[in-house]
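Thank you all for making the time this morning. I would like to take you through one protein chain, going from its overall make-up to a few individual residues, so please have a look at what comes up on the screen.

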Amino acid sequence: MKKETLLNHLKTFDPEIFTLLQEEIQRQRYTLSLVPNSNAMSPFASYLEGSILANSTFETHSSAASGSRLEELAIKRAQKLFGSRHAIVRLGSIATASRVVCLALLKEGDRILSFNLRKKEHCSGLNFGFENFGLDPKTQSIHWDEVAHIAERTKPRLIIFSPVSYPRNADYRRLSEIAHDAGAYLWVDIGQSVGLVAAGLLPSPVPFADVVTFPTNDSLHGPDGAIVLSTQEIARALDDTVINTGHTALHINHLAALTVALREAGTETFRRYGKQVLINSKELEHTFEKEGIPLLCGGTETHLVLPALSPKMQEIDITAYMAQAGFQVKSDNIPTMQAEEFFPALRLSSLNPTTRSLKRKDMASIGQLLAKALKDKLSDSELEATRSQVATLVMNQPIFSEEWLTTGSTGLRTFYNNSDSSAAHEFASNEKRNIIKSFFHISD
């Protein structure tokens, strides 16, 4: 059934869902998301997840050759992409991956030293003691010697570092030394920086950490899910925990989408995308500096930019306020080494603007609009005018730009139609066969 026909039937059969779909299309097309974990899926991955493969599943010990081969291929690609000895690819979310890691490596009552208490939110019902380390409130940087002192004092079994609110590169070698001197495992969750790590544009923690986790959507442009990378020494404990906690089945369509995303992440096209992400975040940083908006940590080396919120902006619902101006943003209270001291800020990312093909000049315009809204509380009419400017800037930009699509050996290119951002173009049946053959039957 053609997509237009299907949508017409849906409109008649379930007008409420159809309306929600149309509203979401409008939201994605005419507003701009700067939320770090909000990004479009690759059209290849999107197609495969919604394809006929959705009708099939396979069990861990099943004889279904196609499913087993897909999982093996996904594992192989993850290991090759990140240089890891072991990979688990069948986890549905980063929260699930986090619980698997904790259950595999820790015993009840073990202590965890965690940057900004990350992963504590994923350990509900699990009896672990969390200790915090964070930014020095004066320098807004991480003092690794101080982290070493805390580790020596608290004697954690696990040290966690997740830079989801840290826009600078971490010293993974030093962190590894701290962990192993304390007799602790080191676990790094690279979050939305994973795409830049995969592209070789940010330092990788894989050579230094016992465990590395990351979501597979966001900057990897894959489906929802998570991957766990580890050393060979703890691979068996992690694998057993995955099975014992019930993660034994996976839809083949989801795994196929992930496998394609991993392949795309190893291409030169993906690396060009990553370079543009960094150019765009730097431009946003420079624009804020010109406009007098203070930035946490002195700027950025990643996709993140953290403009500090003034006391005036802290008094309002900043997320709703910025939504009125046409921006989707995420606010946060960034913890420090001092338990009572936080830095209220926005966590802005250049990932989604780059996916939509915005460039340096566009980011300068976006930064100016953001800065104007952050300096003083705008009136409703001023917010509406800003929203109109944002809509004008992004309305003709695709949800996923075709410039970031890799050409397969068939010479075909897939792309989103500007008039329909909710899905990739339908392919003719022979194109479907050729694309799947290109991605799943040629040797790596």
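The protein chain contains 17 helices and 15 strands, and I should say at once that what you are looking at is a predicted model. Of the 444 residues in the protein chain, buried residues make up 52%. If we consider the contacts in the chain with a separation of 6 or more, residues 24 or more positions apart account for 72% of them.

Let me turn to the interior. The largest nonpolar core has 70 residues, and those with the most contacts inside it are Phe82, Ile159, Phe161, Phe214 and Leu229. The largest share of this core, seven residues, is supplied by helix 10. A second, separate core of 29 residues has among its members Leu34, Leu284, Leu370 and Leu378. As general background, nonpolar side chains in soluble globular proteins tend to be buried together.

Coming back to Phe82, and not counting residues up to four places away in sequence, we find that Phe82 touches Val194, Val197, Ala198, Val206, Phe214 and Leu229.

What, then, of helix 10 itself? Helix 10 runs over residues 252–264, and its 13 residues reach 18 Å from the first C-alpha to the last, close to the 18 Å expected at 1.5 Å a residue. Twelve of these 13 residues are buried, so helix 10 is largely enclosed by the rest of the structure. The buried residues of helix 10 include Asn253, His254, Thr259 and Glu264, alongside others such as Leu255 and Val260.

At the start of the chain there is a helix pair to look at. The axes of helix 1, residues 3–13, and helix 2, residues 15–30, come within 5 Å and cross at roughly 125 degrees, and the two helices are therefore oblique to each other. On the helix 1 side, Leu7, Leu10, Lys11, Thr12 and Phe13 meet Pro15, Phe18 and Leu21 of helix 2. The residues of this contact divide into six nonpolar, one polar and one charged.

I will finish with a single residue in a strand. Ser114 is found in strand 4, which spans residues 111–115. Is Ser114 buried or exposed? Ser114 has a relative accessible area of 0%, and is therefore buried. Leaving aside neighbours within four places in sequence, Ser114 is in contact with Phe130, Glu131, Asn132, Phe133 and Ile160.

Terms used: Residues are numbered from 1 along each chain as its sequence is written. This is a predicted model: local features need pLDDT of at least 70, side-chain atom pairs count only at pLDDT 80 or more; totals for chains, interfaces and linings use all residues. Side-chain values use heavy atoms; hydrogens and water are left out. Axes are lines fitted to C-alpha atoms, for helices over the stretch in contact, and angles run from 0 to 180 degrees between N-to-C directions. Helices (H or I, at least four residues) and strands (E, at least two) are DSSP runs, numbered from the N terminus. Angles under 35 degrees count as roughly parallel, over 145 as roughly antiparallel, 65 to 115 as roughly perpendicular and the rest as oblique. Contact means heavy atoms within 4.5 Å. Ala, Val, Leu, Ile, Met, Phe, Trp, Tyr, Cys and Pro count as nonpolar, Asp, Glu, Lys and Arg as charged, and the others, Gly among them, as polar. The expected span of a helix is 1.5 Å times one less than its number of residues. Buried means under 20% relative accessible area, exposed over 50%, partly exposed in between (1.4 Å probe, protein chains only). A nonpolar core is a set of buried Ala, Val, Leu, Ile, Met, Phe, Trp, Tyr and Cys residues joined through side-chain atoms within 4.5 Å.
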